[in-house]
Structure formats: structure tokens, C-alpha cells
Number of protein chains: 2
Amino acid sequence: MTSNQRTRLALALLALAASLTAWAAPPPRVSQADIIKQSAPSDWRRLDPENTLVMEINGQQVILELAPRFAPQHAANIRTLAREGYYTGSAVVRVQDNYVTQWADPADEEKEKDKLKPLGTALAELPAEFSIPFKGLPITNFTDPDGWAPVSGFADGMPVAADPAQNKAWLAHCYGVVGAARSTQPDSSNGTSLYAINGQAPRALDLNITVVGRIVKGMEVLSSLPRGPGAMGFYDKPEAYIPITRARMLADIPAAEQPNIEIMRTDTTTWRKLVEASRHAIGGWAVHSALHSNICNRSVPTRPIQGAPTPG
Amino acid sequence: MTSNQRTRLALALLALAASLTAWAAPPPRVSQADIIKQSAPSDWRRLDPENTLVMEINGQQVILELAPRFAPQHAANIRTLAREGYYTGSAVVRVQDNYVTQWADPADEEKEKDKLKPLGTALAELPAEFSIPFKGLPITNFTDPDGWAPVSGFADGMPVAADPAQNKAWLAHCYGVVGAARSTQPDSSNGTSLYAINGQAPRALDLNITVVGRIVKGMEVLSSLPRGPGAMGFYDKPEAYIPITRARMLADIPAAEQPNIEIMRTDTTTWRKLVEASRHAIGGWAVHSALHSNICNRSVPTRPIQGAPTPG
């Protein structure tokens, strides 16, 4: 078979696969808004206080939910860094359009070594945590092809891609997903510098860097910051840095001050219905159904706490 | 076959298709930066002066390239609106995070009818221009599955999706793509209100609305504006509106003031090489190759004019 023939055969198989997938789905009649309205209290969960970092930027709250199942050592280090005050006084130093918003120690790693924030009891070096075993992962699969990976879905409220043949699963670089910046060495991240995706999902980053979690509230704070004029969106002057005025683990925030937010579970029939509904034009405006959904197009609903049980 | 069996068969076919596609591609050794560096003058084109709208927002330039092949009547109307001064003094009225930045007449359509800008010789009503025939479209195909459509690629520098079985092709809602806002009726857009995609490609909008072109410069101006506090990101007070201080067709701008920009052609071997290179980890940083590319992840390079031939 020539390369062209293989490509043509692949495309034909894809078309067949797409038609089979579409055929398998009975069109739902309930809108996403109605599914959320009709959800049960058990369809929602609170944020885990030990795995949630609450930051304040420009007087607004930005909440990062960590993914300890996927990056346990990074999650532990971020927890330590947060508790020992590392992130308070760190700053957004880079905003590259349609790519990442990145925060770090504002001091220059090379020229201002004496000004660098102390790591305290946090570890300077961690292993790369690019993927975990697929086997046993409680993933709620999407039925439509992801393109970037053979399997995609949600686990622990996070967008996940997987390759069962290689027994690998990893967090996908969707909008709002947060990773640990690294230099050339794969194991050079430790959580002191983090980035959030602010545009089209750069899925080519998947399996190249440790993903630590997802912004569940306040992503619009990070996405609307001025883009940096430098080559990769770095701010060229420290005066342009945008300080993180405070960062605390949710567990360390007094109950009365805790953010009033609960989040939809992604391991429920309600979530499956929501994903299925997103594949169809329901209601007045849309005239065409895509009959397709992608993990990076699905945001997990949040709402004010309505008596959901505490986790664990 | 049950629904589950069909889904399983579809997934198996997809996996096979993916492996065939990957197998078909010999890994390139040249980076995207080097491909751009080694490009010939004929790999580049200038913007068509009759199909380029140059806007000024917050003292910065935002350039919209129209797609007359896909939406000829909207392109013609936008040209007329621009030439008769409609957009100068219109304003960004809506910024919804991870969705759209929208601009329109700042006057309220219901409450301020007397303040509405006159349409002049532009048409108030246009047909919906959601798709064109696929047959004969000069598209540079992507070989990887798009997921949202059986065929995807670029035509006239724009991201395109297509369904050959239905003989339909349409512009895909990728980051920076611009559409004509409409109300409930499919044919209720006329180009007076336009929106640009500022986040993850909301491809479910495809075939539901007329796409008119793509921002080729200054998208970061539109994407970094404050998000509107209203339900769909509308600014709740007219004071928050961000004026378009000037908007002109490129053809009407004196030569000395014209933006110094040329854009890579997407119907060349150089472009194909660039797309192929994006599928592979080349160079120092990345350790994993996605062996996948998607139209919405590929931006078309621009550069200062280096003696490219004028169009036509």
C-alpha cells in the first residue's frame, strides 16, 4: 500500500466510524440547562480542601483544583509551597495569546539569585508525572473521536486522554488546564512556576509536561490579562508583572471566607446526559447538530453550594 | 448490532485509521521555524485590499481578512458598511470568556432606535451563507481526523471543514475566526454585528451561522479585553463599551499608512511541510510527538512585507 492509499483508507474508515457513532446516538430532547436544573444533590460535589489552591489576582479569586491522581508528587509540592507562602507575592510573568498565562517567582533566576523565594520544605526536584496507567482509571468516556488520542473523557472532573494499547492516561491540555512549567529536562518542574491554557487546546503539549489540575473559577481573570510583548509572551519589565496578592489552600481558609462553589461530578448519568445533549441542537437558535462533542469543549458546571455533601 | 457494539466497532475503526495515518507519515527533520526561514517569496501573499478590513481599537490595529468565496454577500455588505463609515464609532459590546468578542452599533436596538447608525446603501437583509459546495474547492487537506467533520484543511488561508458526501464545505469556528451575529432566524445576519472566537474552537457553531473571515493581526487586542459581567458576556453599561475608533478597507488606506504585513499561502508545499512538522516533536524541548495536527491549532504565519507579489 502506498502512503496515499493508506491515508485514503484511513479517511474512509474514519467516515464509517463517524457514521456508526452518529447512528448509535438517539437524539435527546432535554437542553443542557434543563439537565442541570433537574440534577440531584448527589450530582454535585464540593472542592476537596486539601487539593484546592485559592489565589487572589487583581482583587479577584482564581481557584485551581489539583489532580493528585495524575500528579501526586506535584500536588504535594504545590500544597507545601502554598502553605509556606511561596505563591503569595509570586506574579504572572507571561501571557502568550492563544497559549498560556504563566506565574512564577518574579525574581530573575539568573540575575537575582539572592532575591529568589526560598523553597522551604518543598522539594526542588520532582519526577516527571506525564501519565499514569490507564488500567483501573475511572474515566467517563466520550464516544466521539478525539483525534489526539484513542480514548478521551473525564476523570475526577478533569479532561483526560488515554491510549489503552500503551496503558497510559494523561490530563489533556484543554482551556483552563494548569501545568507545571519546565525547562529542557523533562523532570525539571517542581510547581514553583505554573501555567494555565488561555486559548485553543495545545494538545501537542500532552505527554510533554506535567499537568497538575484545572482552574475551576476565575479563568477569565487569567485570560484577560495584557499579552506580554516578548517573543513568548513574557512581560519585558518587572513593572508589568501582575502580583498574586494571596494564595492559600482551601483547607486553610476560615469557613466563613471560603468560596461558595460546588462543582458537578463527572462520573454520573447526569454528566453523561449533559455531554450527549451538547452533541445536538436543542431549542430555538441552532439549526444544525454537530453530533459531536470534544472534551475540550465541555466545561464542568459550577454553582453556589446547595447543600452538597462534603467530600471523602 | 446494538448501540454499544456499533460504538465499539467505531472506536476500533478509529484506532486502525489513526495507526494507518501515523504509519503513512515519514518524520520530518526540519523545524517549523526553519521551514518558514527557508520559504520562497512565492510562498507568501499580500492581503487583498478589497477584502481586508483594518480596525483600530484601544489605539491598536485589528485586521480582518474577509472570505468572499465562502460568504460573498456578507463580504460585499461588510465592504459597503466599512466604506460608508458604519464600523467607525461602533464598539465592542460583548466579551464572553472562552467564546466570543463581539462588536456592534452601541445604540440599543429596542430603546434607542433613533440613535441607530444608518445602514446607508448596505443591505439590511442577506441570505444565510453557512456553507458552499465542496466540489471544486481548492482545499489543502489535513490527513488527521478532525472529529467534527470528515474532511478538514485550509482554503484561501482560512480553516475549512467539509462533508464530501453532502457536497458541503464551510469555514470552521477556530480561534480568531469571525462570524456575523444573528438572532433566531438563520438569515438574520447582515454584517452590522460581528464576533471573533477568543477561546477553544466552538465548532458546534459551524453550519449554524455565517462565517465571514479571520483576524490575521491583532487578535490579542480582542482576546484580552475585560469580560462582560452579563450572562453572555455583554457589558452591562454603555460606559464599558470599547469603541472602534476607525475602520477602513485596506484599499482605502493611503499606501504609506498601510499595515506592513504579508501572509503565508496555504496552497503550497511549504504550508504542507509546516503542518506535517507540527505533528512531530522536533528540536530540544518536546519529548513526545502527537503525530496529529488539527486545523484549529495551526496559525498561518505572517511577517513584514519582503517583496511578495501583489495579489491577483
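**Reading strands, helices and salt bridges in a predicted model**

Me: Let me start with one spot in chain B. Which residue stands opposite B:Gly179 in β11(B)?

Reply: The partner of B:Gly179 there is B:Tyr195. Please keep in mind that this is a predicted model. As for the general idea, strands of a sheet pair through backbone hydrogen bonds, in either a parallel or an antiparallel sense. In this case, β10(B) and β11(B) are antiparallel, with three bridges between them. β10(B) also pairs with β12(B), again antiparallel and over three bridges. On that side, B:Val178 faces B:Gly213 of β12(B).

Me: Are the two faces of β10(B) covered or open?

Reply: A general point helps first: side chains in a regular strand alternate between the two faces of the sheet. In β10(B), B:Val177 and B:Gly179 lie on one side, while B:Val178 and B:Ala180 lie on the other. Since buried means under 20% relative accessible area, you can read coverage residue by residue. All four of these residues are buried, and both faces of the strand are covered.

Me: Let's move to chain A. How many strands make up its closed barrel, and in what order do they run?

Reply: There are eight, in the order β2-β3-β12-β10-β11-β5-β4-β13, with antiparallel pairing. Neighbouring strands of this sheet are turned against each other by 35° on average, ignoring direction. To follow one pairing closely, take β3 (residues 60-66) and β12 (residues 211-217) of chain A, which share four bridges in the antiparallel sense. Within that pair, A:Ile63 sits opposite A:Lys217 of β12(A).

Me: Which helix packs on that sheet?

Reply: Helix α3 (residues 72-83) of chain A does, touching β2, β3, β10, β11, β12 and β13 of chain A. Its direction makes about 105° with that of β13(A).

Me: And in chain B, how far does helix α3 reach?

Reply: α3(B) covers residues 72-83, twelve in number, and spans 17 Å from its first C-alpha to its last, close to the 16 Å expected at 1.5 Å a residue. B:Gly85 follows this helix and has a positive phi, near 80°.

Me: Which residues of α3(B) are buried, and what covers them?

Reply: The general idea is that an α-helix has 3.6 residues a turn, so residues three or four places apart point the same way. Here the buried residues are B:His74, B:Ala75, B:Asn77, B:Ile78, B:Arg79, B:Leu81 and B:Ala82. Their cover includes β2, β3, β10, β11, β12 and β13 of chain B.

Me: What about helix α5 of chain A: why does it count as largely enclosed?

Reply: Seven of its ten residues (the helix runs 269-278) are buried, so the rest of the structure largely encloses it. Among the buried ones are A:Trp271, A:Leu274 and A:Glu276. The buried residues of α5(A) pack against α2, β6, β7 and β14 of chain A.

Me: Which way does the sign of phi go for A:Asn167, and where is this residue found?

Reply: Phi of A:Asn167 is positive, near 50°, in a residue other than glycine. A:Asn167 belongs to the loop between β8 (158-163) and β9 (168-171) of chain A, and at 35% relative accessible area A:Asn167 is partly exposed. Chain B offers another example: B:Leu291 is not a glycine, yet has a positive phi of about 50°. B:Leu291 lies in the loop between α5 (269-278) and β15 (302-303) of chain B.

Me: Now for charges. How many salt bridges does the structure hold?

Reply: Over all chains there are 32. One of these joins the side chains of A:Arg248 and A:Glu257, at 3.4 Å from N to O. A:Arg248 is buried at 17% relative accessibility, whereas A:Glu257 is partly exposed at 45%. Both residues belong to a network of salt bridges that also links A:Glu56 and A:Arg246. In chain B, B:Arg279 and B:Glu276 form a salt bridge with their closest N and O atoms 3.1 Å apart. B:Arg279 is buried, with 2% relative accessible area.

Me: Finally, what scores does the model carry?

Reply: The ipTM is 0.90 and the pTM is 0.91. For chain A, the mean pLDDT is 92, with 89% of residues reaching 70 or more.

Definitions and conventions:
Residues are numbered from 1 along each chain as its sequence is written. Chains are lettered from A and ligands numbered from 1 in the order in which they are written. Side-chain values use heavy atoms; hydrogens and water are left out. The expected span of a helix is 1.5 Å times one less than its number of residues. Buried means under 20% relative accessible area, exposed over 50%, partly exposed in between (1.4 Å probe, protein chains only). Contact means heavy atoms within 4.5 Å. pLDDT is the predictor's confidence in each residue, from 0 to 100. Two strands pair if DSSP finds at least two bridges between them. Axes are lines fitted to C-alpha atoms, for helices over the stretch in contact, and angles run from 0 to 180 degrees between N-to-C directions. A salt bridge is a side-chain nitrogen of Lys or Arg within 4 Å of a carboxyl oxygen of Asp or Glu.
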